[in-house]
Amino acid sequence: MAASILAAAVGPIRRLPCEAAVEVTLAATVFLFACGSSSAHELRGIGGPGRWAALLILCALSLACAAVHGRRPAKAPLGWILAAALVAVATVSAGWSVDPRLTIERAFTLGILFVTAVALALAATDPRVAAARVLHGVLWGIAAVAIGSLVMLAVSHHDAVLSATAGAGWRFRGLGENPNTVSMLLAVGLPLAVWLAFGRRGWERLAGAALVLLFAGEIAVSGSRGAVLAGFGGALLAALVLGPTVGAKLVLAAGLVVLAGLCVATSRFQHPAASVVARAATAGGAPAARTRGLDADQLFRLQDELGHPPLGGYRPPVARTLLGSSGRAQAWVGAARQAAQRPVLGYGFGTENRVFVDRFYAFEGAFPENSYLGTFLQLGALGVVLLVGLLLTLGWNGYRALHRGTGGPAAAATGVLLVAILIGLSQSGVTSVGNIAVGSIWICVLTLPALALGGARL
């Protein structure tokens with residue numbers, strides 16, 4: 001009975017072009033997740049519920065394709081086991097979470113994402129074919145986001161560009177909620193575009209080169225230093241692997257380094273608004289309004305308590321530099337001290353912004369902007385061990401896949417893994433599925449265990 005029901009369910013899939021269906025659905029999912037965190041209310045209305053529906057549809061499609069066209073795993077690779085362990089610990093953490101319902105919801109979505117990623121990696125008899133299908137779908141979705149960001153710039157400039165402040169110049173955010181969101185997704189797309197440009201042929205090579213320039217240009221005007229370092233780090237790794245000769249590798253690497261330098265130099269033309277700086281300095285020296293009794297908030301905000309200049313004086317904003325922390329260092333120290341109060345198991349998965357308290361003058365944000373510290377807050381040392389162990393295992397899988405000669409897909413996926421590791425140093429949310437780039441990251445890198453085994457039986 002069960003067999004007949006399964007056959008009836010997956011029967012139509014046999015008649016569908018599974019490869020095209022997966023790529024289109026995957027690209028649409030990436031785009032909808034970008035819309036779900038957009039600064040434009042209309043796009044959020046579409047992407048908010050649409051992204052979760054798309055993820056569930058993609059999960060069902062990937063499971064069906066894996067059942068019909070895929071390989072049957074005899075033994076799960078260690079990387080997939082660690083991913084399952086991370087989801088299990090996240091789910092169990094609801095028992096001590098400060099917000100159990102939120103923890104269950106976040107753990108469920110992470111589990112759905114990991115199941116989808118593994119099913120996609122198994123959705124063909126040849127893991128290289130399955131991985132190439134996944135990487136194509138993610139890349140086209142990221143390309144749609146980049147093009148959509150340009151359309152946003154043309155039709156709604158105030159939504160696409162964040163105005164200059166006293167500490168930073170204007171910054172491009174495109175479809176994203178802030179300049180660091182879409183740029184993170186574009187950073188993931190850079191090694192994929194390099195793979196398309198130098199690992200494929202014909203029109204795909206031209207499209208890949210155009211996407212490298214498009215992604216780099218939008219990252220440059222976003223002013224996101226983390227995206228520059230992460231994106232070009234992953235792209236450089238992919239280029240060094242894909243170059244057919246030593247000379248070609250050096251030329252590709254030099255070109256990417258020059259392009260990264262141009263992205264950094266672009267920030268010099270995005271000056272802080274002089275009028276904003278002047279108003280901030282004037283406001284900083286103005287006397288506080290008189291109140292009855294003692295009201296500390298009349299002197300300075302509670303969020304600016306730590307590191308505030310003495311006697312309510314004004315301290316001009318620190319200029320943004322490539323390796324500067326922009327106040328994140330204070331937040332990292334504060335988050336580490338807070339996590340140390342629950343060092344083993346944390347405060348519960350998904351509660352990072354609920355428990356982190358911004359009390360720092362030089363920092364502004366609801367997250368500590370470091371995924372490893374964020375995991376320490378949520379799941380304690382156990383969660384950090386699982387996350388770091390998973391990333392290291394996937395890195396070893398990438399090395400083995402390249403050693404086996406699985407070619408372009410392995411190089412691109414390993415480049416995305418390096419992007420994820422570097423992004424985690426400057427941004428929170430590597431395990432938060434609602435984050436604009438997280439789905440693309442895990443769907444790409446969880447192909448590495450299958451690629452590492454190559455043609456061997458899984």
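**Close-up 1. R354, an exposed arginine paired with D99.** In this predicted model, R354 comes out as exposed, since its relative accessibility of 52% is past the 50% mark. Its side chain still finds a partner: R354 and D99 meet in a salt bridge, 2.6 Å from N to O. R354 sits in helix α14 (residues 352-355), while D99 belongs to the loop between α4 (78-92) and α5 (100-121), so this pair ties together parts of the chain that are 255 residues apart in sequence.

**Close-up 2. R101 and E105, a salt bridge within helix α5.** Here we stay inside one helix: R101 and E105 both lie in α5, four residues apart, or about one turn of the helix. Their side chains form a salt bridge, with the closest N and O atoms 3.2 Å apart. As for the surroundings, R101 is exposed at 66% relative accessible area, whereas E105 is partly exposed at 38%.

**Close-up 3. D126 and R128, two partly exposed partners.** D126 pairs up with R128 in a salt bridge whose closest N and O atoms are 3.1 Å apart. D126 has a relative accessibility of 22%, so it counts as partly exposed; buried would need a value under 20%. R128 is also partly exposed, with a relative accessible area of 41%.

**Taking the views together.** The salt-bridge count for the model comes to three. Among them are the link from R354 in α14 to D99 in the loop between α4 and α5 and the R101 to E105 pair in α5.

Notes: Residues are numbered from 1 along each chain as its sequence is written. This is a predicted model: local features need pLDDT of at least 70, side-chain atom pairs count only at pLDDT 80 or more; totals for chains, interfaces and linings use all residues. Side-chain values use heavy atoms; hydrogens and water are left out. A salt bridge is a side-chain nitrogen of Lys or Arg within 4 Å of a carboxyl oxygen of Asp or Glu. Helices (H or I, at least four residues) and strands (E, at least two) are DSSP runs, numbered from the N terminus. Buried means under 20% relative accessible area, exposed over 50%, partly exposed in between (1.4 Å probe, protein chains only).
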